[in-house]
Amino acid sequence: MSTPTPWGAPYGGPPPVPSAPPHIPASDLRPRRIWYLVAALLGLVLAGIGVALVVVTVKDTLNSVDTDRSFASGQSRTFSFVQGKTKAIYVSQSGKGRVVCRIPEMPSGAMTQPGSTFRITLGSRTWDRALEVKPGSSGDYTLTCTSELPSAEFALGDKPRVGSMVGSITGAVGCFLAAAASTVAICVVTAVRRGRHRRRLAAPLGPPPYGAAPWPPYGQPR
């Protein structure tokens, strides 16, 4: 048996041994990990919309020139015109040559030179918008074009819609930026909130009583 000391039991006792933090299953944390999947799917959807806008814009632009019915300088080709619907005449030539086009059979309408340039590259050829035709009546009319350069090729196509193209490209860029921003934001917020929830669950319920000793009092058998 231990002999008690004359000055009594020591104050308190040995310091408590720190315990390992409790293991918290990931499934118990909130918000759930499914939000990472939501972020990925949202990013893919927005990016897909942006890609679709770019593809449609490029496809419409490339199809705006009817290269399958092109004709050489000095030759003629018959096309269908619709009253009030402006068509563009494109030329593909190795340099800058003066272009002259005529539609003798068209009773009324206007053929003008556009104030801006527009160029499309299809395969090995580059097509420049040379003139625009706004028919005054609908029907099939023969178009004749010549150039100072004998190797020039002509084709009829749609009037380029520059504003629509710029709007589509801008919308596509906006979709790409929104995809990146939304994915990162959702992932960051989810990770931060799950970390806070983990710390709350791992925190102790409260401090031990003041002066309480986890060991038996001094002098008592263990």
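**Figure 1. V91 of strand 3 stands opposite F154 of strand 9 in this predicted model.** Strand 3 and strand 9 pair in the antiparallel sense, and six bridges link them. Strand 3 also pairs with strand 7, again in the antiparallel sense, over five bridges. In that second pairing, I89 stands opposite L131 of strand 7.

**Figure 2. Strand 3 is covered on both faces.** In a regular strand the side chains alternate between the two faces of the sheet. On one side of strand 3 lie K87, I89 and V91, while A88, Y90 and S92 lie on the other, and all of these residues are buried. Six of the six residues of strand 3 are thus counted as buried.

**Figure 3. The largest nonpolar core has 17 residues.** The residues with the most contacts inside this core are F81, I89, C101, I103, L143, C145 and F154. Two or more residues come from each of strand 2, strand 3 (87–92), strand 7 (125–135), strand 8 and strand 9 (153–158). Another core, of seven residues, lies apart from it and includes A88, Y90, F118 and W127. In soluble globular proteins, nonpolar side chains tend to be buried together.

**Figure 4. Three strands form an open sheet in the order 2-8-4.** The pairing in this sheet is antiparallel. Strand 2 (76–81) and strand 4 (99–102) stand at the edges; each has a single partner strand, so one side of each is left without a neighbour in the sheet. From one strand to the next, the twist averages 30°. Strand 4 and strand 8 (residues 139–147) are joined in the antiparallel sense over four bridges. Within strand 8, T144 is the residue that stands opposite R102.

**Figure 5. Helix 1 packs against strand 6 and helix 2 through its buried residues.** The buried residues of helix 1 are A39, G43, L46, G50, T57 and T61. Their packing partners are strand 6 (119–122) and helix 2 (162–202). What span should the 29 residues of helix 1 have at 1.5 Å a residue? The expected span of helix 1 (residues 34–62) is 42 Å, and because its end C-alpha atoms are 42 Å apart, the two values agree.

**Figure 6. S64 lies in the loop between helix 1 and strand 1 (71–72).** Is S64 buried or exposed? S64 counts as buried because its relative accessibility is 10%, which is under the 20% cut-off. Leaving aside residues up to four places away in sequence, S64 touches Y90, I120, G157 and D158.

**Figure 7. S164 lies in helix 2.** At 42% relative accessibility, S164 counts as partly exposed, because this category falls between the 20% and 50% cut-offs. S164 and T57 are 107 residues apart in sequence, yet their C-alpha atoms are 8.6 Å apart in space. T57 is one of the buried residues of helix 1.

**Figure 8. The chain contains two helices and nine strands.** Read along the sequence, these elements follow the pattern α-β-β-β-β-β-β-β-β-β-α. Of the 222 residues of the chain, 26% count as buried. Among contacts between residues at least 6 apart in sequence, 85% join residues at least 24 apart. The accessible surface of the chain comes to about 14900 Å², and 61% of this surface belongs to carbon and sulfur atoms.

Conventions. Residues are numbered from 1 along each chain as its sequence is written. This is a predicted model: local features need pLDDT of at least 70, side-chain atom pairs count only at pLDDT 80 or more; totals for chains, interfaces and linings use all residues. Side-chain values use heavy atoms; hydrogens and water are left out. The expected span of a helix is 1.5 Å times one less than its number of residues. Buried means under 20% relative accessible area, exposed over 50%, partly exposed in between (1.4 Å probe, protein chains only). Contact means heavy atoms within 4.5 Å. Two strands pair if DSSP finds at least two bridges between them. Axes are lines fitted to C-alpha atoms, for helices over the stretch in contact, and angles run from 0 to 180 degrees between N-to-C directions. Accessible areas come from the Shrake-Rupley method with a 1.4 Å probe; for residues, only the protein chains shown count as cover. A nonpolar core is a set of buried Ala, Val, Leu, Ile, Met, Phe, Trp, Tyr and Cys residues joined through side-chain atoms within 4.5 Å.
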